[in-house]
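Subject: Structure for you to look at, with notes

Dear colleague,

I am passing on the structure we spoke about, and below it you will find my notes on what came out of it. Please read them with the model open beside you.

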Amino acid sequence: MLRFNDLLDDILEYNVNANVELIQKAYVFSAKVHQGQTRLSGEPYLIHPIEVADILTKMKLDEASVVCGLLHDVVEDTYTTITEISDMFGDEIAKLVDGVTKISKIESRDIEDRQAENFRKMIIAMGQDIRVILVKLADRLHNMRTLEFHPPERRVKIAQETMDIYAPIANRLGIAGIRSELEDLSFVNLQPNIYRRVAIKFKKTKKERKDYITNVIKIIQGKLSEYKITAAVTGRTKHFYSIYQKMRKRGLSFDQIHDIIAFRVVVDNIKNCYEVLGLVHSMWKPVPGKFKDYIGLPKQNMYQSLHTTVIGPYGERLEVQIRTNEMHKVAEYGVAAHWKYKEGKAVQGGKDAKRYKWIESILEWQQESKSSREFMDHIKDDLYPGKMIYAFTPNGAVKEFPEGSTPVDFAYSIHSEVGDHCVGAKINNKIVPLKHKLKNGDTVEIITSSTQSPSSNWLNYVMTSRARTRIRQFLKAVDKEKSIALGKSICDKEFKRFDLNVAKLTKKGKLKEAAAELNFKDEDSLIASVGFGKVTPLQILGKILTQEEIEKVYKKKESKLTKVLSKITRKQHSAVIVSGTENVATRFAKCCTPVSGEPITGYITRGRGVTIHTKECTFGKNISDERKVSVKWDSKDKSYSYTNILVKCEDKKGILAEIAASISKTEVNITDVKVITLPEKTADCVFKVEVNNINRLQKVMKNIQKIKGVISVERKNN
């Protein structure tokens with residue numbers, strides 16, 4: 001078990017000026033408030049914060065981070081408040097502790113919503129201070145090391161979250177050591193049988209690997225000594241999850257994977273990196289296509305190194321990584337290796353500015369995401385970019401993109417204004433369209449026009465989260481502007497009967513009150529909802545005027561009054577129920593003709609209520625989330641729907657009558673038939689039928705398919 005004095009020794013080894021008194025104070029306080037608490041292992045709870053602090057010392061972080069490691073659970077798991085932490089340890093440490101503390105009171109009952117909201121809080125805190133995520137990663141790492149004490153279902157859930165979120169974040173921040181351990185610890189819990197098989201194979205070849213590593217190191221060291229190059233040469237086996245990934249991607253067994261050992265050569269300067277590369281290639285034949293220069297083109301997570309794969313001394317492939325001491329430090333500790341702190345703010349100028357681009361991006365996403373779940377989707381998309389490519393600006397600046405990216409992605413990586421106005425691009429001096437896919441090494445020049453603006457079609461071929469977020473933000477703003485203009489026009493027309501208008505009600509503050517009562521954040525959102533068809537002007541008037549005032553205006557037209565009051569007080573009958581909204585007109589889309597029982601989605605249509613589409617309808621792919629509403633079929637409704645069935649069949653006598661008879665046997669009414677004869681003695685028959693549920697329709701189609709001479713049967717959209 002780790003002792004506190006060992007922790008202090010580790011800190012003083014790299015920071016002789018550390019405030020030992022402050023760290024001791026945090027340890028004593030943590031021991032006091034956690035007294036009597038135990039972990040699932042039965043050990044005193046205090047062991048966990050000490051282990052977390054130790055992980056942070058191994059990353060050589062400052063004393064404030066280590067203190068936060070000791071205190072990170074006191075607010076969440078004891079009666080301690082952030083105010084008390086601030087009073088005892090100062091605002092800087094209090095903010096760090098608050099950043100890693102989960103939100104205790106979240107109204108949502110949905111577990112995923114709560115997790116997303118807590119993660120969002122942590123990310124916002126990380127944007128203000130990168131140390132928040134470093135402490136959180138240390139916390140998660142120790143929890144993963146002791147995961148065996150949780151029930152099986154809980155282990156799987158925590159391991160999956162670690163694999164999906166925390167390991168990729170560690171990778172994105174360049175902290176290779178923590179990423180590798182998190183992946184292996186997740187792997188053993190998510191796929192224990194596969195992990196066990198890999199581990200057994202690994203154990204059997206342990207001695208051979210050790211001898212192999214020793215011999216290869218001697219050969220490399222001998223060559224470097226010959227040319228008087230000072231270097232540290234080491235060999236290591238790749239971690240289990242990395243080996244498993246190679247097996248899975250290549251479809252190979254463990255015995256077929258030969259490059260599971262990587263050799264590392266660490267030298268004093270960049271010049272020696274390239275000299276060592278030349279010596280390695282002079283000794284062993286390089287494998288074509290397996291050389292990567294991450295010094296000239298660093299990875300997004302700051303990683304720099306030369307990678308080459310060669311046919312080694314025993315006829316097997318071996319990987320050699322060559323880097324400087326500084327690069328090695330960055331490879332192991334990522335952002336922590338470049339930690340600078342001054343007056344409570346991370347120094348991000350100069351070269352370090354690029355290192356924090358990702359953090360800046362995710363802060364933009366959280367501001368633009370309307371929900372924590374949407375924000376989580378952005379994060380997950382960005383954490384799994386797949387294969388990356390490099391493209392260049394005309395000035396030679398390097399930009400990294402996911403494979404499949406287009407000039408639109410490139411334009412938004414420069415600036416949002418460039419992205420909004422891009423009309424095309426020159427790639428290697430050749431004009432290409434916006435949907436053209438970038439290739440490795442392309443030089444890209446963006447062509448802009450002041451009259452251009454983002455199109456919803458762009459969302460079909462952008463790959464980066466930055467571009468996708470900016471486009472959606474623009475479309476959402478334009479959509480809202482149009483809805484406000486339409487909503488104002490509709491409201492003013494109705495309000496005129498009462499000698500009112502939107503401007504007058506806004507000035508008096510009445511519209512703001514109505515917005516609050518109808519659960520809208522402001523007047524514009526309320527008026528926009530009228531344009532969308534979500535709220536009627538009469539619903540707004542119902543919050544501003546009394547029932548008597550409304551009746552007085554319509555008393556001369558009794559029939560109209562009845563109609564108006566019914567809109568306010570009664571729900572219109574519909575085969576579909578719109579979640580969370582009353583008195584909204586619904587209609588079925590002609591493009592997909594939904595049938596009762598099949599999965600559906602609702603889209604708000606300006607001035608026309610909610611249009612119902614099938615889930616599979618392609619129409620919805622270009623509709624903003626703001627216009628989507630949750631809908632479901634009314635189980636009590638027995639009304640019929642019309643849909644088309646396309647039957648491809650042989651063009652032979654009697655087959656049309658046979659198909660019609662088959663449909664009639666299932667008690668389904670045919671309202672129209674169209675037949676088109678085709679070459680090669682085939683025909684397309686379109687039957688318009690009247691059905692009351694999807695099961696009946698599927699039965700009809702199944703029966704038709706059984707008829708001899710029928711080639712295919714499918715739904716046909718208009």
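Is helix 20 (residues 407–414) mostly covered or mostly uncovered? Mostly covered is the answer, since six of its eight residues are buried, and these are Pro-407, Val-408, Asp-409, Phe-410, Ala-411 and Tyr-412. Please keep in mind throughout that this is a predicted model.

For orientation, the protein has 30 helices and 23 strands, and 46% of its 718 residues count as buried. Its accessible surface comes to about 38200 Å², and carbon and sulfur atoms account for 50% of that area. If one takes the contacts between residues at least 6 apart in sequence, 64% of them join residues at least 24 apart.

Salt bridges

The count of salt bridges comes to 16, and I describe a few of them here. Arg-131 pairs with Glu-92, with 2.9 Å between the closest N and O atoms; this pair links distant parts of the chain, as Arg-131 belongs to helix 9 (residues 131–145) and Glu-92 to helix 7 (residues 91–100), 39 residues apart. The two partners are covered to unlike degrees: Arg-131 is buried because its relative accessibility is 0%, whereas Glu-92, at 37%, counts as partly exposed. Both residues also belong to a network of salt bridges that links Asp-62, Glu-92, Asp-129 and Arg-131.

Helix 9 takes part in another such link, in which the side chains of Glu-181 and Arg-145 meet in a salt bridge of 2.7 Å, N to O. Here too distant parts of the chain are joined, with Glu-181 in helix 11 (residues 176–190) and Arg-145 in helix 9, 36 residues apart. Glu-181 is partly exposed, with a relative accessible area of 27%, and Arg-145 is likewise partly exposed at 35%.

Within helix 11 itself, Glu-183 forms a salt bridge with Arg-179, and their closest N and O atoms are 3.6 Å apart. These two residues are four places apart in helix 11, about one turn of the helix. An α-helix has 3.6 residues a turn, so residues three or four places apart point the same way. Glu-183 counts as buried because its relative accessible area, 14%, is under the 20% cut-off.

Helix 11 against helix 12

Two packed helices are described by the angle between their axes and the distance between the axes. For helix 11 and helix 12 (residues 192–204), the axes come within 5 Å and cross at roughly 115 degrees. On the side of helix 11 the contact involves Asp-184, Phe-187, Val-188, Asn-189 and Leu-190, which meet Pro-192, Ile-194 and Tyr-195 of helix 12. The residues of this contact divide into six nonpolar, one polar and one charged.

The surroundings of Ile-93

In helix 7 you will also find Ile-93, which is buried, with a relative accessible area of 4%. Leaving aside residues up to four places away in sequence, Ile-93 touches Leu-22, Ala-64, Val-67, Leu-71 and Ile-85. Val-66 is 27 residues from Ile-93 in sequence, and the C-alpha atoms of the two are 9.7 Å apart in space.

A surface patch and two backbone angles

Leu-656, Val-673 and Val-675 make a nonpolar surface patch of about 210 Å². Of these, Leu-656 has its place in helix 29 (residues 655–665) and is partly exposed, with a relative accessible area of 38%.

Most residues other than glycine have a negative phi, and most peptide bonds are trans. With that in mind, which residue, although it is not a glycine, has a positive phi of about 60 degrees? That residue is Glu-667, which lies in the loop between helix 29 and strand 21 (669–678) and is exposed, with a relative accessible area of 67%. Thr-593 also has a positive phi, near 40 degrees, and is placed in the loop between strand 15 (586–588) and strand 16 (600–605). Unlike the exposed Glu-667, Thr-593 counts as buried, at 12% relative accessibility.

With best regards

Note on methods. Residues numbered from 1 in each chain as written. Predicted model: local features only at pLDDT ≥ 70, side-chain atom pairs only at ≥ 80, totals over all residues. Heavy atoms only, no water. Buried < 20%, exposed > 50% of the residue type's maximum accessible area, 1.4 Å probe, protein only. Patch = residues over 30% accessible without salt bridge, like charges linked within 9 Å, V, L, I, M, F, W, Y side chains within 5 Å. Areas by Shrake-Rupley, 256 points an atom, 1.4 Å probe, with all protein chains shown as cover. Salt bridge = Lys/Arg side-chain N within 4 Å of Asp/Glu carboxyl O. Contact = heavy atoms within 4.5 Å. Axes fitted to C-alpha atoms, helices over the stretch in contact; angles between N-to-C directions. Nonpolar A, V, L, I, M, F, W, Y, C, P; charged D, E, K, R; others polar.
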